[in-house]
Amino acid sequence: MWSFSELTEWIDATLRSLMGDGWALFVEFVLIGVAVLVAYAVLALILIWVERKVCGFFQCRLGPNRVGKWGIFQSVADMIKILLKELIRINRSDKVLFRMASFFVIIGSICTFAAIPFAKGLQAIDFNVGVFYVLAVSSLGVVGILLAGWSSNSKYSMIGAMRSGAQLISYEISSGLSLMAIVVLSGSMQLSEIVAQQADTWFIFKGHIPAFIAFVIYLIAGHAETNRGPFDMPEAESELTSGYHTEYSGIQFGFFYLAEYLNMFIIAAVATTMFLGGWQPLHIAGWDGFNAVMDYIPSFVWFFGKTFFCVFLALWVRWTFPRLRIDQLLNLEWKVLMPICLVNLILMAIVVIL
Amino acid sequence: MTNSAVFLVVLITAFVLVGAALLIAMWLAPRSTNPLKGEVYECGIPTRGTSWMQFRVGYYLFAILYLVFDVETVLLFPWATVMRQMGTDGLICVLFFVIILALGLAYAWRKGALKWK
């Protein structure tokens, strides 16, 4: 299977032959930054279009279909439009924190985004405590959300931010514990190592029932962490207009929108990496011909196929179920998901030891 | 090339993305002032008082509980990594740890901290 490390090594060698080592390193850093930025922006555009199109089909209508073929340039047009909108300042808001909130939200999602192994040899950050890093950095978003709600000095924003904070921190426990079940199984926290271990069988098959339970819980908790679907309490538009970003306008609202969609993608990508084998092709023990055929499909096709499958699940859930109440939401986490998670973790440890 | 350096690069990238987009928007976007525009968005009548006020205690209880269980997650991750080497002994130790925490959760549940009033 072709590896992206060949490409990066070629770039490295070319740059080093052209200029000094220090400059080569600098140019590589700039290239990494630009690559992360472009991937982030393009994925956001694609995700927004996919969401609107899928939503349209779920509601028996066509969705965007005017700008370009099947409306594929709709989100580009929206992005240009949102840049041209006025940034309204609120008189009594905390101006500095109001601006800082969007920085926090984007930093939280872009730093997590860079740690995902997209294809063979294509991973920007590969810490040996990768799972820990993903959990830690992705929870920066809640700081941004609380700041946004507090600094707006508006009641809707405040209530939305408080609900969102309670919901995000609650569901973070479940997502952490369900990822821990996979760490128990693999014995490593490095994301590239975890993917490499799934070369013969994906963890969701290798881990028997506990891995499957952990997968389902991770999808539910991740879905709640993105503030979407039946868990969109913080921005319940019929009661809070739009929650913590009520007062934001123009591109500042765009940042929250962007981060929400990218977080959905990141949750799906982490689920793919941890449970569905990342970029590894589907291998079945003993079926040599089948395995050889599967190896021909490039690794990024596998990764994005599985990730968009998880994204589709998230959209399906979002447009199918009615919204929960805040007490139902917190009950679901503290009285159902977390006890199951704790038992599941011990169960996984027993399965591994036996 | 170390991971930490790349992490810094990504951090700067995020700052640049937000900063550049904000600057572009400030440059392109129209600007008009109007005393009513700066009011907070509520139901139409002038807002009463500030929103920086005391909030219900329920959120605080959940935050405390979250702290307990998140620290637990942090403590369990190292065990999860070396689970195979520690074997049954480690599992029994962690089992006691988890049982104590579960008792704490049961206590909070019984006391009504998880009830949304």
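Two residues are taken to be in contact here if their C-beta atoms, placed from the backbone, lie within 7 Å. On that basis, in this predicted model, 52 residues of chain B touch 63 residues of chain A.

Looking at chain B's side of that interface, the elements that give two or more residues are α1 (3-28), α2 (57-81) and α3 (83-111) of chain B. The largest share comes from α1(B), with 18 residues. As for character, chain B's side splits into 37 nonpolar, nine polar and six charged residues.

Over in chain A, have a look at A:G149, which sits in helix α6 (residues 140-152). Is A:G149 buried or exposed? It counts as buried, because it has 29 C-beta neighbours inside 10 Å and the cut-off for buried is 20 or more. Leaving out residues up to four places away in sequence, A:G149 touches A:S157, A:M158, A:G160, A:A161, A:M162 and A:Y244. A:L179 is another story: it is 30 residues along the chain from A:G149, and their C-alpha atoms are separated by 30 Å.

Now for some backbone oddities. Most residues other than glycine have a negative phi. A:C60 has a positive one although it is not a glycine, and A:W70 also has a positive value without being glycine. A:C60 is found in the loop between α2 (21-58) and α3 (74-83) of chain A, and A:W70 is in the loop between α2 and α3 of chain A too.

| Residue | Phi | C-beta neighbours inside 10 Å | Exposure |
|---|---|---|---|
| A:C60 | about 60° | 6 | exposed |
| A:W70 | near 50° | 14 | partly exposed |

Terms used: Residues are numbered from 1 along each chain as its sequence is written. Chains are lettered from A and ligands numbered from 1 in the order in which they are written. This is a predicted model: local features need pLDDT of at least 70, side-chain atom pairs count only at pLDDT 80 or more; totals for chains, interfaces and linings use all residues. Helices (H or I, at least four residues) and strands (E, at least two) are DSSP runs, numbered from the N terminus. Ala, Val, Leu, Ile, Met, Phe, Trp, Tyr, Cys and Pro count as nonpolar, Asp, Glu, Lys and Arg as charged, and the others, Gly among them, as polar. A residue is buried if 20 or more other C-beta atoms lie within 10 Å of its own, exposed if 12 or fewer, and partly exposed in between; C-beta atoms are placed from the backbone.
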